[in-house]
Amino acid sequence: MTDMEDTEKQFTRASRHVLQILARLTIDRGNNNEESFFCNTVNISLSGAFVETGAAIPIGSLLKYAFCIPGIKTPLNITGEIVRSEGSPAMAQHGHSSGMQSAQRRLNRYGIMFLDMKEEDRRVMEGYLLSKDGFRTKQGNPQGDKKRPS
């Protein structure tokens, strides 16, 4: 990739929207062996999502990412690829009647690049993201990466 293509790619990156949605990741492990995990969507755009889960998923894994947009009954099913990975310890509370104990568990965060999305799913997601009044991107600017006029 040339410097010009790299710069162009940065300017055309889709705006990320903070969106807390429970989703399901399904990975084909080969030999008709699929494994599914729940994940929390941290942010999303029309080109990908950033999710966190307790599951360990290798970079390069192809998967199905399924979730429901609030107010829409039919789940969106998108094919994607894990392109980035981060690990972060999280505090989990394990309780019983005698009190709460804290234990560390590891939450893994993954960047998913969308590879295949039905046109209808794309329209639903785009419509939802655009319709949110006061919807904030990761940067806190409702206009995405564009700066608001002062």
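Trainee: How many aromatic pairs does a search of the whole structure find?
Mentor: This is a predicted model, where local features need pLDDT of at least 70, side-chain atom pairs count only at pLDDT 80 or more, and totals for chains, interfaces and linings use all residues. Residues are numbered from 1 along each chain as its sequence is written, and side-chain values use heavy atoms, leaving out hydrogens and water. Rings of Phe, Tyr and Trp (its six-membered ring) pair if their centres lie within 6.5 Å. On that basis, the search of the whole structure gives two.

Trainee: Tyr-65 and Phe-67 form an aromatic pair, so is it stacked, edge-to-face or tilted?
Mentor: Planes under 30 degrees apart count as stacked, over 60 as edge-to-face and the rest as tilted. Here the centres sit 4.9 Å apart with 40° between the planes, making the pair tilted.

Trainee: Are Tyr-65 and Phe-67 buried or exposed?
Mentor: Buried means under 20% relative accessible area, exposed over 50%, and partly exposed in between (1.4 Å probe, protein chains only). Both Tyr-65 and Phe-67 come out buried.

Trainee: Which residue joins Tyr-65 and Phe-67 in one aromatic cluster?
Mentor: The cluster contains Tyr-65 and Phe-67. Its other member is Phe-114.

Trainee: What is the relative accessible area of Val-83?
Mentor: Val-83 lies in strand S5, residues 76-96 (strands are DSSP runs of E, at least two residues, numbered from the N terminus). Val-83 counts as partly exposed because its relative accessible area is 42%.

Trainee: Which residues does Met-125 touch, not counting those up to four places away in sequence?
Mentor: Contact means heavy atoms within 4.5 Å. With that cut-off, Met-125 touches Ile-44, Ser-45, Leu-46, Phe-67, Ile-69, Leu-76, Ile-78, Phe-114 and Met-117.

Conventions. Helix = DSSP H or I, 4+ residues; strand = E, 2+ residues; numbered from the N terminus.
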